[in-house]
Amino acid sequence: MKHILIICIITIYGIANLVGQTQKEIDLFNEGIKFQQSEKYNEAVNTFNILITMAPTNASYWYNRGVAKLQLKNYGEAVVDLNKCIYIDTSISEAYFNRHLAYKFTSNFQFALADISKYIENFPNDPESRKSRYSLSMQMKEYEYSEIDAKWMIKNGIGSDTVKVQLLSIFDALKKPQEKLNFLNSEISKNPDNVKMYYFRALCNHELEKFELSNSDLERFLISEPKNVDAMKLKFENYFFLKQFEKSIVIIEELIDNNKKNGTFYADYGHVLLQMRNWKEAEKKFTQAIKMKTENISYVYLGRGIARYNIGKVGLACQDWERSVLMGEKNASKYMEQYCK
């Protein structure tokens, strides 16, 4: 474990600080370190209790007792000892690392983040501290730190595809669509056979309203996963926004053939038919979607109301818009005000 290794580092530091001390103090210190290394943490605590009584301003005694308490899961007491260590000597970087662990286990996440960041200032290339801060910052939604550490891990070859995908969500949280796109361009350039990145770039281009570029990436992705529902749905949406409705219909019909109980696809089909002014078929698709309890049901009622109004079913259209309003769709109220007086 990380803090076991740190004990070895602080042992050297502690011995150097014992110059001028009594032989008994030196012997006790070495004994305490041996207890640490043999995982006899209670004995180590007792030994450093004696040393702290003998030399209460020696930071290494407080440090090593704090580490032993950390191993014993006495996290609150470990914080107290490591606080004292840092108060006496702010230069002991390892104390910040271990105090960040103690803070994390006592749910003092903001303090933990501050300590691990202080440690990284002194040891920017330490992978364990980077991974620890990354995990902590993701949990806290402190995405500025998450972005820095994810990029560092990826650059240094310890960022798996999972970290790369998480970095995309971090870009979303920080509202950095262009940086997200630049990252995906770079990843695809380095590894053009990683087809997942084409899908993620297709999503990014869709968000940036670059629908044709999005479809180009989807074509590449769908070669390897021709029946991927999410990719096909995205391709449908791209064609919809490009107003290439006939192509949209081809895709949505294939999706419905493979997912006959998915009401969302029937609703999507209905919205395409609205754009094509095919009111009767649109009404049928929306009705099927409603029977299947599709998501965004308020928007489906809005669409069916439009279809019904245009085929002369004004009363039924007003009923649909009223339902839509009750479900929270604000646009439906505009139709009611204009057409349902």
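# A walk through an all-helix chain

Start by selecting Tyr309, which counts as partly exposed at 30% relative accessibility. What you have on screen is a predicted model, so keep that in mind as you click around.

**Stop 1: around Tyr309**

Tyr309 sits in helix H18. Now add Tyr339 to the selection: the pair is 30 residues apart in sequence, and the C-alpha atoms are 8.7 Å apart in space. Skipping neighbours within four places in sequence, the contacts of Tyr309 are Val314, Ala317, Trp321 and Tyr339. Why is Tyr309 called partly exposed rather than buried? Its relative accessibility is 30%, and buried would need a value under 20%, while exposed would need one over 50%, so Tyr309 lands in between.

**Stop 2: Gly305, in that helix too**

Slide back along helix H18, which covers residues 297-310, and pick Gly305. Buried or exposed, would you say, for Gly305? Gly305 is buried, at 0% relative accessibility. Show Ala317 next and draw a distance between the C-alpha atoms: Gly305 and Ala317 are 12 residues apart along the chain, yet the separation is 4.0 Å. Ala317 is also one of the contacts of Gly305 once neighbours within four places are set aside, together with Asp320 and Trp321. Keep Ala317 and Trp321 displayed for a moment, since Tyr309 touches both of them as well.

**Stop 3: the cores**

Trp321 is a good way into the next selection. It is among the residues with the most contacts inside the largest nonpolar core, along with Leu167, Tyr199, Leu218 and Leu274; that core has 56 residues. Zoom in on Leu218. Which residues does Leu218 contact, apart from its neighbours within four places in sequence? They are Tyr199, Ala202, Ala231, Leu234, Lys235 and Asn238. Then select Phe29, Ile52, Tyr63 and Leu136: these belong to a second, separate core of 33 residues.

**Stop 4: Met153**

Move on to helix H9, residues 143-155, and pick Met153. Met153 is buried, with a relative accessible area of 2%. Its contacts, leaving out neighbours within four places, are Lys131, Tyr134, Ile158, Gly159 and Val163. For a long ruler line, measure from Met153 to Phe265: 112 residues apart along the chain, with 40 Å between the C-alpha atoms.

**Stop 5: two lysines with positive phi**

If you have a Ramachandran panel, bring it up and look for Lys73. Lys73 is not a glycine, but its phi is positive, at about 65 degrees. You'll find Lys73 in the loop between helix H4 (59-71) and helix H5 (75-88). With a relative accessible area of 61%, Lys73 is exposed.

Lys175 is the other one to click. Its phi is near 55 degrees, again a positive value in a residue other than glycine. Lys175 lies in the loop between helix H10 (161-173) and helix H11 (177-190). Lys175 counts as exposed too, at 70% relative accessibility.

**Last stop: zoom all the way out**

Switch to cartoon and colour by secondary structure. How many helices and strands are there in the protein chain? There are 20 helices and zero strands. Rotate along the principal axes and the C-alpha trace spans about 100 × 45 × 30 Å. The radius of gyration is 31 Å, whereas a compact globule of 341 residues would have one near 20 Å.

Colour by burial next: 48% of the 341 residues count as buried. Turn on the surface and you are looking at about 17,800 Å² of exposed area, with carbon and sulfur atoms supplying 52% of it. A charge colouring picks out 46 positive and 42 negative side chains, and the centres of the two sets lie 5 Å apart. Finally, a contact map is worth plotting: among contacts between residues at least 6 apart in sequence, 46% join residues at least 24 apart.

Key
Residues are numbered from 1 along each chain as its sequence is written. This is a predicted model: local features need pLDDT of at least 70, side-chain atom pairs count only at pLDDT 80 or more; totals for chains, interfaces and linings use all residues. Side-chain values use heavy atoms; hydrogens and water are left out. Helices (H or I, at least four residues) and strands (E, at least two) are DSSP runs, numbered from the N terminus. Buried means under 20% relative accessible area, exposed over 50%, partly exposed in between (1.4 Å probe, protein chains only). The radius of gyration is taken over C-alpha atoms; the globule rule is 2.2 Å times the number of residues to the power 0.38. Contact means heavy atoms within 4.5 Å. Accessible areas come from the Shrake-Rupley method with a 1.4 Å probe; for residues, only the protein chains shown count as cover. Lys and Arg count as positive and Asp and Glu as negative; His and the chain ends are not counted. The place of a charge is taken as NZ of Lys, CZ of Arg, CG of Asp or CD of Glu. A nonpolar core is a set of buried Ala, Val, Leu, Ile, Met, Phe, Trp, Tyr and Cys residues joined through side-chain atoms within 4.5 Å.
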